[in-house]
Amino acid sequence: MKGFKFKLNGLLKVREFKERTLKVELGEILKQINGAEEEILKLKKDIQETYEAQETFMADPSAGEMIKFFPKFIETKNSAIDNQENLIYALKKKFDSKQKELATARGEVKVIENLKEKKQTEYKKKLEKKHQENVDELVQIRRILKGNS
């Protein structure tokens, strides 16, 4: 609206920026959670393939020394799965916290937007009132001029 200046526009922009930043952070956390879940699937597939390879080696009596490798490998993979699950748990906690922050930020933006809208409406009503006063004044002047002629 031409001529309308909202004094809290700077604050509104800061709050909107904070809201956008939080949305980006939430997206990044979701990306990390998905990555960790994919890593768990990969690790479980590795374990499955290891069990299959172990059965193949067991069928071959000359591969006896290699059999010692499998339990340690599987233990390492299971440990990595536990680490990824712990990471997912921590990321979900962080995600929940950021969602609460985002809700607060949205509320703060909404309050200022509502205030801005209210001020714009007040400004518009003042302009309309002033315009109507000018129209009324012109009508009166016209009547006076017609009465004098």
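These questions and answers go through the cores, pocket and salt bridges of a predicted model.

Colleague: Which residues touch the most other members of the largest nonpolar core?

Modeller: This core has 15 residues. The elements giving two or more residues to it are α1 (9–59) and α2 (69–148). The members touching the most others are I29, I33, I81 and I88.

Colleague: How many residues does α1 give to this core?

Modeller: Two helices, α1 and α2, each give two or more residues. Of the elements, α1 gives the most. Its share is 8 residues.

Colleague: Leaving aside neighbours within four places in sequence, which residues are in contact with I33?

Modeller: I33 is among the core members that touch the most others. With sequence neighbours within four places set aside, its contacts are I88, L91 and K92.

Colleague: How many residues are in the second, separate core?

Modeller: Its members include F4, F6, L12 and V109. This core is separate from the one in which I29 and I81 are among the most connected members. The second core has 5 residues.

Colleague: How many residues lining the largest pocket are charged?

Modeller: The pocket holds about 160 Å³ of space. Its lining includes F4, F6, K119 and E122. No lining residue is polar, and 5 are nonpolar. The charged ones number 5.

Colleague: Is T50 buried or exposed?

Modeller: T50 sits in helix α1. Sequence neighbours within four places aside, T50 contacts F70, F73 and I74. Its relative accessibility is 7%, and the cut-off for burial is under 20%, so T50 is buried.

Colleague: What separates the C-alpha atoms of G107 and E19?

Modeller: G107 lies in helix α2 and is partly exposed, at 33% relative accessible area. Along the chain, G107 and E19 are 88 residues apart. Their C-alpha atoms are separated by 9.8 Å.

Colleague: Which residue forms a salt bridge with E101?

Modeller: E101 counts as partly exposed at 34% relative accessibility. Its partner lies 3 residues away in helix α2, about one turn. The closest N and O atoms are 3.7 Å apart, and the partner is K98.

Colleague: Why are K45 and E49 separated by about one helical turn?

Modeller: Their side chains meet in a salt bridge at 3.9 Å, N to O. K45 is exposed at 52% relative accessibility, while E49 is partly exposed at 40%. The separation is about one turn because the two are 4 residues apart in helix α1.

Colleague: How many salt bridges does a search of the whole structure find?

Modeller: K72 and E75 form one of them, at 3.9 Å, N to O. E19, K23 and R106 are linked in a network of salt bridges. The search finds 9.

Technical notes
Residues are numbered from 1 along each chain as its sequence is written. This is a predicted model: local features need pLDDT of at least 70, side-chain atom pairs count only at pLDDT 80 or more; totals for chains, interfaces and linings use all residues. Side-chain values use heavy atoms; hydrogens and water are left out. A nonpolar core is a set of buried Ala, Val, Leu, Ile, Met, Phe, Trp, Tyr and Cys residues joined through side-chain atoms within 4.5 Å. Buried means under 20% relative accessible area, exposed over 50%, partly exposed in between (1.4 Å probe, protein chains only). Contact means heavy atoms within 4.5 Å. On a 1 Å grid over the protein atoms alone, a cavity is a set of points where a 1.4 Å probe fits but cannot get out, and a pocket is an open set with protein on both sides within 12 Å along at least five of seven lines; lining residues have an atom within 4 Å of a point. Grid points are joined across faces, edges and corners, and a volume is the space filled by probe spheres set on the points. Ala, Val, Leu, Ile, Met, Phe, Trp, Tyr, Cys and Pro count as nonpolar, Asp, Glu, Lys and Arg as charged, and the others, Gly among them, as polar. A salt bridge is a side-chain nitrogen of Lys or Arg within 4 Å of a carboxyl oxygen of Asp or Glu.
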